[in-house]
Amino acid sequence: MSTLQQLTQEAKALANGQWAPTEAESEAARQLQICNACRYCEGFCAVFPAMTRRLSFAHADLHFMANLCHNCGACLHACQYAPPHDFGVNIPQAMAKLRVQTYADYAWPAPLGQLYKRNGLVLSLALAAGLALFLWLAQQSASAGPAENFYGIFPHNLLVSLFAPIFLWAVLALAMGVRRFWREITPATSGAAVTAPAAAEAAHDALRLKYLDGGHGEGCNNADDEFTLSRKRAHHLTFYGFMLCFAATSVATLYHYVLNLPAPYDLPSLPKVLGVIGGVSLLVGSAGLFKLNLQRHPLQGDAAQKPMDLGFIALLFVISLSGLGLWLARGHSSMPTWLVVHLGAVMALFATLPYNKFAHGIFRTASLIRHAVEKRQANPIGLGND
């Protein structure tokens, strides 16, 4: 659809008090209508069974299904109407373009949703600002002389006072955005309440990354038609590595404030064990994702989002590498450098968390829950087979 046609359609819809679809929404709806007539890919992932429950695709339906898509690429490689066919059906790319729109549309506060459009620049500036802050703080502490551990450079309470407000803000902003998304897609997905079996199924699918197996258990298509589980494994290493690092911080907080066991901790303490395992897992996983992202076929996603994707992955890699380096550099003259890089990268992650690729996991989980609820209800059009 041309820009002029899109603007004309939006103007007419707004004049009539109707929903005015964006170009990404119009294109996704067009392709889903073609898929709904074909249904060759019905067993590939959750998107296609959800599609068969609809004859048309409104705003909430499109945003719901865009976040169900895991961009495995299976449907693109199986589709007889994929480019260069005149129909130009490319569901992974259409869903990717629409997904980033949902992140911006539901961002809180709303004006900050625009950060998704220049995420690479914002991420770079946030990292630079974080590093500059900690370089300045390190310089102020230089007169204290060499320290045995990094708490001798930056006191524990100082770090808490710097990071806690930023982290809590990120959690609040993400929660508010997903709350609005949930409220909008719930009526579009039967409106039924979440049951224990539905929640358990969604948790199982999310934690196992079920829909990164290509619908047949052999994995995603990456650079060509060959199936590979590499993307699923790299995602698992990254996700569980991140969660182990978060668990290490949480346990350390309990040790420090509840058990009166002040930091720092060393092996074989639980915080350190969790942190080391999580750091190695995050390092390997993020390196794998970076490589796979560069190798991916250009049709399997939105090229405009690569800076956001690669920037986020690189930030996770820097965090894990500098965290492990900081641990290994204890008592060494390089420790302050490792510390500044690590804390600056962590601050950049926290500051951009609600407005970077991290949001995809939260929105996708919400959509998986609603899909697990919806599939347990009677099909409203009596077609298809869940």
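**Notebook: salt bridges, core and loops**

I began with Glu27, which counts as partly exposed because its relative accessibility of 26% falls between the limits of 20% and 50%. I note at the outset that the model is predicted.

**Entry 1. A salt bridge within one helix**

I looked up the partner of Glu27 and found that Arg30 forms a salt bridge with it, the closest N and O atoms being 2.7 Å apart. Arg30 is also partly exposed, with a relative accessible area of 32%. I then checked where the two residues sit. Both Arg30 and Glu27 lie in helix H2 (residues 23-38), three residues apart, which is about one turn of the helix. I recall the general principle that side chains of opposite charge can pair when their charged atoms come close.

**Entry 2. Salt bridges between separate parts of the chain**

How many salt bridges does the structure hold? I recorded seven salt bridges.

I turned next to Arg54, which forms a salt bridge with Glu374, with the closest N and O atoms 2.7 Å apart. This pair links distant parts of the chain: Arg54 is in the loop between helix H3 (47-51) and helix H4 (59-68), while Glu374 is in helix H14 (residues 359-374), 320 residues apart. Are these two residues buried or exposed? Arg54 has 6% relative accessibility and therefore counts as buried. Glu374, at 4% relative accessibility, counts as buried as well.

I also examined Asp309 and Lys357, whose side chains meet in a salt bridge at 3.0 Å, N to O. Asp309 lies in helix H12 (residues 306-328) and Lys357 in the loop between H13 and H14, so the pair ties together parts that are 48 residues apart in sequence. Asp309 has 12% relative accessibility and counts as buried. Returning to Arg54, I noted that salt bridges sharing partners join Arg54, Asp61 and Glu374 into one network.

**Entry 3. The nonpolar core**

I asked which residues have the most contacts inside the largest nonpolar core. That core has 88 residues, and those with the most contacts inside it are Leu32, Phe48, Tyr116, Phe134, Phe154, Phe163 and Leu349. Helix H13 gives the most to this core, with ten residues.

I therefore looked at H13 more closely: 13 of its 18 residues are buried, so the helix is largely enclosed by the rest of the structure. I also checked its length. At 1.5 Å a residue, the 18 residues of H13 (residues 335-352) should span 26 Å, and the end C-alpha atoms are 26 Å apart, which agrees.

I then listed the neighbours of Leu32. Not counting residues up to four places away in sequence, Leu32 touches Met51, Phe57, Leu62, Met65, Ile91 and Met95.

One of these, Met65, is placed in helix H4. At 0% relative accessibility, Met65 counts as buried. Leaving aside neighbours within four places in sequence, Met65 is in contact with Leu32, Val47, Ala50, Met51, Arg54, Phe57 and Met95. The C-alpha atoms of Met65 and Ala50 are separated by 7.4 Å, although the two residues are 15 residues apart along the chain.

**Entry 4. A nonpolar patch on the surface**

I looked for nonpolar side chains at the surface. A nonpolar surface patch of about 570 Å² is made by Val160, Leu254, Tyr257, Val258, Leu259 and Leu261. I followed up Val160, which is placed in helix H8 (residues 156-188). Val160 counts as partly exposed, at 34% relative accessibility.

**Entry 5. Backbone details in the loops**

Where are cis peptide bonds to proline found? I found that the bond from Trp108 to Pro109 is cis, with omega near -10 degrees, and that Pro109 is in the loop between helix H6 (91-105) and helix H7 (119-141). The peptide bond from Leu267 to Pro268 is cis too, with omega near 5 degrees. Pro268 is in the loop between helix H10 (230-257) and helix H11 (270-295).

Lastly, I looked up positive phi values in residues other than glycine. Asn260 has phi near 60 degrees and is found in the loop between H10 and H11. Asn260 is exposed, with a relative accessible area of 61%. Ser190 has phi near 85 degrees and is found in the loop between H8 and helix H9 (196-208). Ser190 counts as partly exposed, at 40% relative accessibility.

Definitions and conventions: Residues numbered from 1 in each chain as written. Predicted model: local features only at pLDDT ≥ 70, side-chain atom pairs only at ≥ 80, totals over all residues. Heavy atoms only, no water. Helix = DSSP H or I, 4+ residues; strand = E, 2+ residues; numbered from the N terminus. Expected span 1.5 Å × (residues − 1). Buried < 20%, exposed > 50% of the residue type's maximum accessible area, 1.4 Å probe, protein only. Patch = residues over 30% accessible without salt bridge, like charges linked within 9 Å, V, L, I, M, F, W, Y side chains within 5 Å. Areas by Shrake-Rupley, 256 points an atom, 1.4 Å probe, with all protein chains shown as cover. Salt bridge = Lys/Arg side-chain N within 4 Å of Asp/Glu carboxyl O. Core = buried A, V, L, I, M, F, W, Y, C linked by side-chain atoms within 4.5 Å. Contact = heavy atoms within 4.5 Å.
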